[in-house]
Amino acid sequence: MERIIDLDQAAAVITERTGPWLAGGLEVGQMTWRDGTVQWPQRIEADRTLVRDPDSVGVLISGPADAALSVVLFRGGWADVDYFDGLDGAGPIPAFDISSAAAFGARLDEWVPRVFGDLGTGR
C-alpha cells in the first residue's frame, strides 16, 4: 500500500481533538492499529508499540442516544467511516483523497458535527 499519510501524525490529530470531544460530552475509545507487515488475518492492536509498520489507525467516538462514529484511516489516503446519529441517520461516509494528517483533521472536524451536532450547544 502506498504511503501517503504518516499514521503517527494522524494519531496526534486525533489526540489533539480528544479533549474538546470529551468536553462536549462524547466518549472516545482507545486508538487501534493494524500492522501492514503481519500476515493475514492481521490483528488489531491497541498498543502502538506492538505495531512495526502501521497501515491503519482507528478510533470509535460515541455520544448521546447511542450515536457513534467509527473511523479507520489507511496510510494510502482513504478512510472507512461509518456512523449512526442516534436518530434515523446511519451508514458510510465517503472518505477518499486524504492527502495528509492535517487533511484528515479537517475531515474529522466535518464528520464529528455531522454525527453529534454542535458540541457547544449539546445538539
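# Questions about a predicted chain

Q: Between which two strands is the place of Gln 39?
A: Let's start with a spot you can find in the view above, keeping in mind that this is a predicted model. Gln 39 sits in a loop, and the strands on its two sides are S2 (32-35) and S3 (44-45).

Q: Does Gln 39 count as buried or exposed?
A: A residue needs over 50% relative accessible area to be called exposed. Gln 39 has a relative accessibility of 68%, so the label for Gln 39 is exposed.

Q: How far apart in space are Gln 39 and Ser 56, C-alpha to C-alpha?
A: Along the sequence, 17 residues separate Gln 39 from Ser 56. Going from C-alpha to C-alpha in space, the distance is 15 Å.

Q: Which two residues are joined by a cis peptide bond?
A: Stay in this loop for a moment, for Pro 41 also lies between S2 and S3. The bond to look for has an omega of about -5°. The cis partners are Trp 40 and Pro 41.

Q: Is Gln 42 buried or exposed?
A: Gln 42 is found in the loop between S2 and S3 too. To be called buried, a residue must have under 20% relative accessible area. Gln 42 has 17%, so Gln 42 is buried.

Q: Which residues does Gln 42 touch, not counting those up to four places away in sequence?
A: Contact here asks for heavy atoms within 4.5 Å. With the sequence neighbours set aside, the residues that Gln 42 touches are Arg 34, Asp 35, Gly 36 and Asp 55.

Q: What pattern of helices and strands does the chain follow along the sequence?
A: Time to step back and look at the whole chain. The count is two helices and seven strands. Reading along the sequence, a helix stands at each end of the pattern, which is α-β-β-β-β-β-β-β-α.

Q: Why is the chain called as compact as a globular protein of that length, and what is its radius of gyration?
A: The comparison uses the globule rule, which gives 14 Å for 123 residues. The chain comes close to that value, so it is as compact as a globular protein of that length, with a radius of gyration of 14 Å.

Q: What share of the residues of the chain counts as buried?
A: The cut-off is again under 20% relative accessible area. Applied to the 123 residues of the chain, this gives a buried share of 43%.

Q: Which helix gives the most residues to the largest nonpolar core?
A: This core has 31 residues, and those with the most contacts inside it are Leu 69, Leu 73, Phe 104 and Trp 111. Elements giving two or more residues to the core include helix H1 (7-23), strand S5 (68-74) and helix H2 (101-116). The top contributor gives seven residues, and that helix is H2.

Q: Which residues is Trp 111 in contact with, leaving aside neighbours within four places in sequence?
A: Trp 111 is among the core residues with the most contacts inside the core. Its partners farther along the sequence are Leu 69, Val 71, Ala 79, Val 81, Ile 93, Ala 95, Ile 98 and Phe 104.

Q: Is Ala 95, one of those partners, buried or exposed?
A: Ala 95 lies in the loop between strand S7 (90-92) and H2. Apart from neighbours within four places in sequence, the contacts of Ala 95 are Trp 78, Ala 79, Val 81, Arg 107 and Trp 111. With a relative accessible area of 1%, which is under the 20% cut-off, Ala 95 is buried.

Q: How far apart in space are Ala 95 and Gln 42, C-alpha to C-alpha?
A: Both residues are in loops, with Ala 95 between S7 and H2 and Gln 42 between S2 and S3. They are 53 residues apart in sequence, while the spacing between their C-alpha atoms is 22 Å.

Q: What is the phi of Ala 65?
A: Ala 65 is found in the loop between S4 and S5, and its 54% relative accessibility makes it exposed. Ala 65 is not a glycine, yet its phi is positive, at about 60°.

Q: Does Asp 66 count as buried or exposed?
A: Asp 66 has its place in the loop between S4 and S5. Its phi is positive, near 65°, though Asp 66 is a residue other than glycine. Its relative accessibility is 67%, so Asp 66 counts as exposed.

Note on methods. Residues numbered from 1 in each chain as written. Predicted model: local features only at pLDDT ≥ 70, side-chain atom pairs only at ≥ 80, totals over all residues. Heavy atoms only, no water. Helix = DSSP H or I, 4+ residues; strand = E, 2+ residues; numbered from the N terminus. Rg over C-alpha atoms; globule rule 2.2 N^0.38 Å. Buried < 20%, exposed > 50% of the residue type's maximum accessible area, 1.4 Å probe, protein only. Core = buried A, V, L, I, M, F, W, Y, C linked by side-chain atoms within 4.5 Å.
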